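Student: Please take me closely through one buried spot in this chain, and then set it beside other places and the chain as a whole. I would like the cut-offs stated as the terms come up.

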Amino acid sequence: MEISLAEQTTLLEALGRFATHQGLSSAVLDLSGLTLEAFDFVMPACTIDDRHAAWYSDTHSSKGATLESAVAILGIRDGEWFAHVHAYWREEEVEQLGHLLPHTLKVAHQGAIKGYGLQGAAFVASLDPETEFTLFRVQQDDEQSRTTDYNALITTLAPFADLTDSIQELAKELKAPSYEVYGLGSLAGAAFRDAEPMTGLISEILLSANAGAKQEQELCVPIRAVDLEGGLHRGILTAGGAPTLITCELLIMTGSKDDLNPISETD
């Protein structure tokens with residue numbers, strides 16, 4: 001699906017209106033190329049108590065930027081639309097990657113974003129007793145699921161679940177020769193096929209374009225990440241080398257994006 005966004009549009013409100021109008025339960029969106037006005041973001045930080053594995057930094061502010069790579073998970077929190085957004089961008093020749101605060105995001109220039117609308121299941125925020133964070137968890141929509149032909153699944157991973165291994169196991173449920181993966185989350189370190197390892201145990205990540213498995217080829221999961229010290233990492237994950245820290249939120253979808261029926265709307 002494609003959503004056209006007007007200048008000065010408040011992003012979260014626009015995405016919520018679109019999802020409501022289309023009758024969607026949730027959505028996974030690619031915000032790459034979208035230009036935003038000034039916005040706020042946070043980065044990973046050490047825990048502030050003995051109950052959490054990690055925490056967030058103080059709030060940072062951007063003067064505005066074009067997102068080079070960005071993923072948004074649109075779901076429900078406290079009965080309202082909410083978005084979990086991780087993005088990579090450059091500002092004043094400095095590379096940045098962070099967790100964008102959704103209520104601060106406003107479109108600077110008219111543009112369009114693409115993504116995938118979900119029916120049959122939804123991302124719904126609730127308090128997770130293991131991590132003591134309010135996180136998206138998957139809830140099935142019983143009414144829609146009875147009539148929906150599945151071409152995808154959504155999931156969230158628990159701490160220590162390996163990202164690559166989990167994707168491989170979950171994808172078997174789709175019984176498809178090829179599949180694509182979209183998402184974001186946090187990792188407790190990572191080993192890469194093509195780059196030096198990320199040794200820090202606190203990070204935030206987003207999956208890059210082309211994550212997935214083609215027919216008769218092994219799974220490829222390229223990511224971008226920022227660690228506790230603000231160091232940036234990029235590479236293809238090694239199987240078994242990417243344990244989840246807090247959560248990972250994923251869409252695994254059969255086939256190619258070219259096979260899907262498009263939905264287009266202007267906000």
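Tutor: Let us start from alanine 83, which is in contact with Leu12, Ile73, Leu74 and Pro102 once its neighbours within four places in sequence are left aside, where contact means heavy atoms within 4.5 Å. This is a predicted model, in which local features need pLDDT of at least 70 and side-chain atom pairs count only at pLDDT 80 or more, while totals for chains, interfaces and linings use all residues. Residues are numbered from 1 along each chain as its sequence is written, and side-chain values use heavy atoms, with hydrogens and water left out.

Alanine 83 sits in strand S9; helices (H or I, at least four residues) and strands (E, at least two) are DSSP runs, numbered from the N terminus. With a relative accessible area of 4%, alanine 83 is buried, the classes being buried under 20% relative accessible area, exposed over 50% and partly exposed in between, with a 1.4 Å probe and protein chains only. Measuring from C-alpha to C-alpha, alanine 83 and aspartate 30 are 12 Å apart in space and 53 residues apart in sequence.

Strand S9 covers residues 80-91, and aspartate 78 lies in the loop that joins strand S8 (65-77) to it. Aspartate 78 has a relative accessibility of 72% and therefore counts as exposed, and its phi is positive, about 55°, although it is not a glycine. Most residues other than glycine have a negative phi. Glutamate 132 is another residue other than glycine with a positive phi, here near 60°; it lies in the loop between strand S12 (121-127) and strand S13 (134-140), and at 33% relative accessibility it counts as partly exposed.

For other buried positions, consider isoleucine 223 in strand S18, residues 222-227, which counts as buried at 0% relative accessibility. Apart from neighbours within four places in sequence, isoleucine 223 is in contact with a list of residues that includes Leu187, Phe192, Ile205, His233, Arg234 and Leu237. Glycine 183 is 40 residues from isoleucine 223 in sequence, and their C-alpha atoms are 9.7 Å apart.

Threonine 164 belongs to helix H3, residues 163-171, and counts as buried at 2% relative accessibility. Not counting residues up to four places away in sequence, threonine 164 touches Leu219, Val221, Leu237, Thr238 and Ala239. Aspartate 162, found in the loop between strand S14 (152-157) and H3, is also buried, with a relative accessible area of 10%. Beyond its neighbours within four places in sequence, aspartate 162 is in contact with Leu157, Ala239, Gly240, Gly241, Ala242 and Pro243. Leucine 127 is 35 residues from aspartate 162 along the chain, and the two C-alpha atoms are separated by 22 Å.

Alanine 6, in the loop between strand S1 (2-5) and helix H1 (11-22), is partly exposed, with a relative accessible area of 31%. Its C-alpha lies 4.5 Å from that of glutamine 110, although the two residues are 104 apart in sequence.

Turning to the chain as a whole, it has 3 helices and 21 strands, and 52% of its 267 residues count as buried. Among contacts between residues at least 6 apart in sequence, 69% join residues at least 24 apart. The radius of gyration is taken over C-alpha atoms, and the globule rule is 2.2 Å times the number of residues to the power 0.38; for 267 residues a compact globule would have a radius near 18 Å, and the 17 Å of this chain agrees with that. The C-alpha trace spans about 45 × 45 × 35 Å along its principal axes.

The accessible surface comes to about 12900 Å², of which 47% belongs to carbon and sulfur atoms, the areas being obtained by the Shrake-Rupley method with a 1.4 Å probe, and for residues only the protein chains shown count as cover. There are 16 positive and 40 negative side chains, and the centres of the two sets lie 3 Å apart. In that count Lys and Arg are positive and Asp and Glu negative, with His and the chain ends not counted, and each charge is placed at NZ of Lys, CZ of Arg, CG of Asp or CD of Glu.

Finally, the confidence: pLDDT is the predictor's confidence in each residue, from 0 to 100, and the chain has a mean of 91, with 93% of its residues at 70 or more. Over residues 257-266 the pLDDT is below 50, and this stretch has 18 contacts in the model beyond near neighbours in sequence.
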